[in-house]
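Visitor: I would like a close look at one part of this structure. Please start from a single loop and work outward.

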Amino acid sequence: MAEFIPVPPFDLVVFGATGDLSLRKLFPSLLHRYLDGQIPVQSRIIGAARSDMDSDAFRKLIHDSREEFAPGACVDHAKCDAFLRQVEYVKLDATAPADTWGPLTQALADGKDKVRIFYLSTAPGLFVTIAQRLAETGLATPASRIVLEKPIGRDLASSRAINDGVGAVFDEQRTFRIDHYLGKETVQNLLVLRFANMLVEPVWSRATIDHVQITVAEELGVEGRADYYDKSGALRDMVQNHMLQLLCLVALESPNAMDADAIRTEKLKVLSALRRIDAQDAPAKTVRGQYRAGLVDGAKAPAYAEEVGKASRTETFVAIKAEVDNWRWAGVPFYLRTGKRMSARRSEIVVQFKDTPVHIFGAGAGAPNRLVLRLQPDEGVRLWLNMKEPGPGGLRIKTASLDLSFAEEFGVRYPDAYERLLMDVVRGNLALFMRRDEVDAAWTWADALLAAWDEIGGEPHAYAAGSNGPTQSALLMDRDGRAWWDPE
Ligand code: BG6
């Protein structure tokens, strides 16, 4: 089993502690890190929320949800109970004046020199207010850090207002903007694959790559988040952040070190080279969809409009032909596709190589090479190569794959993205967090597309829940003589 180096003792306050993200991801991740011996006993974990309950009731909430969200983790019950004893709860209305914040100030007493983390798992509308209160109450010590969950605003202007407001209290070095996709193992492996293997980088360009596909398909619908989602839509919810971050990691130039600013500067260059899509280009380069009722995994799923309880023009599916205007990638489209209620939960990056210049084994023998990086489920890498079919008599070409399933190869549990990211905050490692200028650049691109869609108007195309999106998505590829890669 891997040895984990403990992080320094810390105090962590989770605002919005009774919310979905907190119970589903943050506390289970902390539990895993604790069980692996990474969280020192002097650390304190404080949940803060408006609900009226005491620490025992909050511990019970975590205890009761852990089988669902951290299944099988608690083999050693005594250790799991010890984790719960490090957790406290403070009832707090984050919008109330600073003089009502006494309970939190008391809970954090005697910890001025410890690493102190404020995790804002709340609506972005509260980010600035909470940062201001942290300043007014003196809780924002020089050693403290703030963690902001996406979405940071809903456009460039609102994101700037949030970053200005939070930035007045926490400087950039103490601001951790989470994009949890950056904490996924395969995403980090992309950097290792590209920059730790001599084989890969020389073929990683327009000279050999035909196009790239990035798919993030979910089976789930909007669940309990209809209110948020209906105002957001797939472009703001998934593309502006997760998908663009994935695109950046595929496209960036080699950073000169595994250093936060070196990596983020290279990502920023990609975002700046991303061609804007205006109203003239949008119909040919983008597809918006919305799910209707259908069958997902054999179970009936309602239409989006039914889930949000009204007719809506919000897109739950997006396909985009994105282009990066630089020397390495000119002419290599990056096709992005994401949607809810699709046929399967599947996130992957497909790098489709060009065909060989001549076919000495006959026309149509074999197929152009393809590299697939699977983010979920079953993280791994698969490379399709053309090989000779075994046996005498003639020479037949067969396309076969080298398949590396990380779980099988390394025989370990794959940690949730939040486990790494939370420990990185404690260690002060900003490499996997978004810098402010990256967020600005991503919004600048997304705002242009949102404005183009507004100008064009129209409704999103319908697709059946449980399908691969609207037929227009296949047509977008078809027009370029390509097709989405959807394994059976
Ligand atoms: C979140 C989005 O950021 O990512 C959700 O707000 C989406 O709508 C989720 O479901 C997907 O994350 P994952 O890790 O399950 O792929």
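Visitor: Between which strand and which helix is the loop where P151 lies?

Guide: This is a predicted model. P151 lies in the loop that runs between strand 5 (144-148) and helix 6 (156-167). Look at the bond leading into P151. The peptide bond from K150 to P151 is cis, and its omega is near 0 degrees. K150 also belongs to the residues around the ligand.

Now follow the ligand. Around it sit K150, H180, Y181, K184, E218, R225, D237, M238, H242, K340, R345 and Q376. By class, this shell has seven charged residues, three polar and two nonpolar. Helix 8 (residues 226-251) supplies the largest share, three residues.

Next, the contacts. Y181 places a polar side-chain atom 2.5 Å from an oxygen atom of the ligand. For H180, a polar side-chain atom lies 2.7 Å from a ligand oxygen. In the side chain of H242, an N or O atom is 2.7 Å from an oxygen atom of the ligand. The ligand has 400 Å² of accessible area on its own, and the protein covers 83% of it.

A second cis bond also involves the shell. Q376, one of the residues around the ligand, is joined to P377 by a cis peptide bond with omega of about -10 degrees. P377 lies in the loop between strand 14 and strand 15.

Those strands lead to the sheet. It is open and mixed, with nine strands in the order 16-15-14-13-7-12-11-8-17. Strand 16 (397-405) and strand 17 (461-464) are the edges, each pairing on one side only. From one strand to the next, the twist averages 20 degrees.

Look inside the sheet. Strand 7 (residues 209-217) and strand 12 (residues 334-339) run parallel, joined by six bridges. T215 has R337 of strand 12 as its bridge partner. Helix 8 packs on this sheet and touches strand 7, strand 11 (317-322), strand 12, strand 13 and strand 14. The direction of helix 8 makes about 145 degrees with that of strand 12.

Another helix is worth a look. Helix 7 (residues 185-195) lies across strand 13 (346-353), strand 14 (370-376) and strand 15 (380-388). Helix 7 runs at about 145 degrees to strand 14.

One last loop. R341 lies between strand 12 and strand 13. R341 is not a glycine, yet its phi is positive, about 55 degrees. K340 and R345 are among the residues around the ligand.

Note on methods:
Residues numbered from 1 in each chain as written. Predicted model: local features only at pLDDT ≥ 70, side-chain atom pairs only at ≥ 80, totals over all residues. Heavy atoms only, no water. Near = heavy atom within 4 Å. Polar contact = N/O pair within 3.5 Å; in protein donor to acceptor, adjacent residues only side chain to side chain. Areas by Shrake-Rupley, 256 points an atom, 1.4 Å probe, with all protein chains shown as cover. Helix = DSSP H or I, 4+ residues; strand = E, 2+ residues; numbered from the N terminus. Nonpolar A, V, L, I, M, F, W, Y, C, P; charged D, E, K, R; others polar. Pairing = 2+ DSSP bridges. Axes fitted to C-alpha atoms, helices over the stretch in contact; angles between N-to-C directions. Contact = heavy atoms within 4.5 Å.
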